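Here are some questions about why certain terms apply to this structure, each answered by setting a value against a definition.

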Amino acid sequence: MTASPAPLIAFGRLRAGRRLSADTFWLDVETPAAESFRAPGCFLKLRGWPEPGPLLDRPFSLHRVQAGGLQLLIRRVGPATRLLCGLAPGRPLKITGPLGRPLTEIIPDPADFYLVAGGVGLAPMALVLDWLRESGRRSRLFYGERSGRHQVDPAWLAAWADDFTATVDDGSGYGRPGLVTEPLAEALAREPRPILACGPPPLLAAVTGLAERFGVAPWVWLEAGMACGLGVCLSCSLPLKEGGRFKVCREGPVADGRTLDWEAA
Amino acid sequence: MKEPDLTARLGPLTLKNPVLTASGTFGYGLELKDFCPPAALGAVIVKGLSLSPWPGNPGPRMFEVPGGLMNSIGLENMGVEAFVTRALPPLLAAGATVGVNILGRSPEEYGRLAARLAGTEAHFLEVNVSCPNVAKGGAAFGGDPRAVDEISRAVREMGGGKPFLVKLTPLVSDIAAVAAAAEGAGAAAVSLINTLPGLAVDLARRRPRLGGGLGGLSGPAVKPLALRQVWLCAQALKIPVVGLGGIMTAEDALEFILAGAEAVEVGTATLIDPRAPLTILEGLKDWLRREGLPNLGQIRGALRI
Ligand SMILES: Cc1cc2nc3c(=O)[nH]c(=O)nc-3n(C[C@H](O)[C@H](O)[C@H](O)COP(=O)(O)OP(=O)(O)OC[C@H]3O[C@@H](n4cnc5c(N)ncnc54)[C@H](O)[C@@H]3O)c2cc1C
Ligand SMILES: Cc1cc2nc3c(=O)[nH]c(=O)nc-3n(C[C@H](O)[C@H](O)[C@H](O)COP(=O)(O)O)c2cc1C
Ligand code: FES
């Protein structure tokens, strides 16, 4: 078992930003520490708005590590994400991470996978694809959104995901109308593979149910409000089915969905 | 110039400096050691411990409000037994001065916690009285001087002489009276404030923002209230006062010392930057050097109102 990378506090600079849908932004953060963040599945915490702004740093998945920088995928949902998505290039950012346990440690011997992303749950998938590709594993990405206005630019997505299926709940955008779990269920019926899923809790619960039906492992990115991200405040602690608790920021964020008590969480 | 003298005295305890960690924001003491070595601080106060492990509240457990943080962790903890056998020895080995925060549901439980910790090498106890009193229908002990007296006596009688601080809740009509009860029952010091009880509402869903319903407010928003309560206690007591509540910078810490605090605790700031207690400590030294002062004695309690 490889040890979790020790988190560090680094400074970065916003190098570029790009709008990918009505409310989704790609940020490219240049930092000398970039390579220390090559930890698939992990996240960081970030601040960089004019002070006094939001009090707590905000957690974001590592989308990619490239060209001496970290790339993030951020959906604008409230004050901090609004500020971050509107920053001008050159702006200094404070980065704490990588946080959590990398997939290389949680799943030391990866198989071929189905990746499932609901909404901005797409964020961690690029680094995951890089890792699976390097491990000689095949993967197929299922990407679902509620409506077309949230869907990221399909050309941008195709540039890093060579095999993906997009769905849109209300049929208003590109890809197949309906829920992302529909093509996933079909794929599982043809060829069962373990799943890596990131998105809203109802999606994760549904994916866990499908995985149980097809006898494969559901690895899910757990969602919990976080204050410290470093395992000291217990904001992110979730109950386990067998009793005991799981600190998402420290022991996750990825966990086997079957171990979680979805009712109590 | 000579290094400033930062020692702080809490009754029989002499701490190497006045910067402590606030319970619940520094885990069991070693989680953040790479950012903030526990031995560098005046003391490390660990997460509140109960007799048996507590699961805590359902989520969401935190919600940010302007200038502050609401939490309802619900006092999740590993229980005193696991702490004493697993977490305490490595923390002591790391050279930390250790304060153990304890919480119970009755004076008797506080006494049993003190008894369990009496024989350990932990340096002192911090008695969190902001807990629901099961016998009194869940009303907090911390508002009632008689309950604080009873708990403090139980801790003194069972604690084998280990020094203890009583940590006070700010939402009381007469903070000095509650603090005086702790003093009268033999506390080495009082620490305040614990979080300010509050409620955050999710209008769209017509329900509380926190899974536990009510919560506790911390961070910069509570600092003016904390300073007032610390000042009132420092005026009224002979024992030292440890001040906390919204301390984010060395200047904040100095304001508490000016208001009469012997030492300070750093809480929410550590959740934002794990180096915060150390940064604040360095800031205190820099400030003393800049002011040409040999120690904090010249400003401690110097605030005139
Ligand atoms: C480990 C982790 C990784 C994350 N990765 C990403 C990412 O890659 N891209 C991205 O866009 N977002 C990600 N998030 C969510 C992101 O942190 C929040 O959207 C952000 O903190 C919101 O801040 P805000 O001030 O803009 O909005 P706030 O006012 O804080 O929140 C706005 C709304 O979002 C909800 N919300 C906030 N935080 C969360 C959360 N953690 N889970 C569920 N709902 C939440 C709030 O309840 C509220 O309804 C991640 C969260 C975690 C815990
Ligand atoms: C996440 C969190 C957990 C806490 N847990 C405890 C606890 O277990 N025992 C206790 O006495 N105080 C606890 N507190 C209160 C803090 O120790 C402190 O009194 C309060 O947060 C005010 O200080 P601050 O504004 O610097 O955070 C907790 C606070 C927070 C934010
Ligand atoms: S966010 Fe603080 S313990 Fe996980």
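Q: What makes the approach of a backbone N or O atom of Gly246(B) to an oxygen atom of ligand 2 a polar contact?
A: In this predicted model, where local features need pLDDT of at least 70, side-chain atom pairs pLDDT 80 or more, and totals for chains, interfaces and linings use all residues, side-chain values use heavy atoms without hydrogens or water. Residues are numbered from 1 along each chain as written, with chains lettered from A and ligands numbered from 1 in written order. The backbone atom of Gly246(B) lies 2.6 Å from the ligand oxygen, and a polar contact is a pair of N or O atoms within 3.5 Å, so the term applies. The protein covers 98% of the 610 Å² of accessible area (Shrake-Rupley method, 1.4 Å probe) that ligand 2 has on its own.

Q: Which other backbone atoms lie at such distances from ligand 2?
A: A polar backbone atom of Ile193(B) is 2.9 Å from an oxygen atom of the ligand, and a backbone N or O atom of Gly48(B) lies 3.2 Å from one.

Q: How do you know that the length of helix H6 of chain A agrees with expectation?
A: The expected span is 1.5 Å times one less than the number of residues; for the 14 residues 201–214 this should be 20 Å, and the end C-alpha atoms are 20 Å apart, which agrees.

Q: What are Pro202(A) and Arg213(A) called, buried or exposed?
A: Both are exposed, that is, over 50% relative accessible area with a 1.4 Å probe and protein chains only, whereas buried means under 20%.

How values were computed: A polar contact is a pair of N or O atoms within 3.5 Å; within protein, one must be able to donate a hydrogen and the other to accept it, and residues adjacent in sequence count only if both atoms are side-chain atoms. Helices (H or I, at least four residues) and strands (E, at least two) are DSSP runs, numbered from the N terminus.
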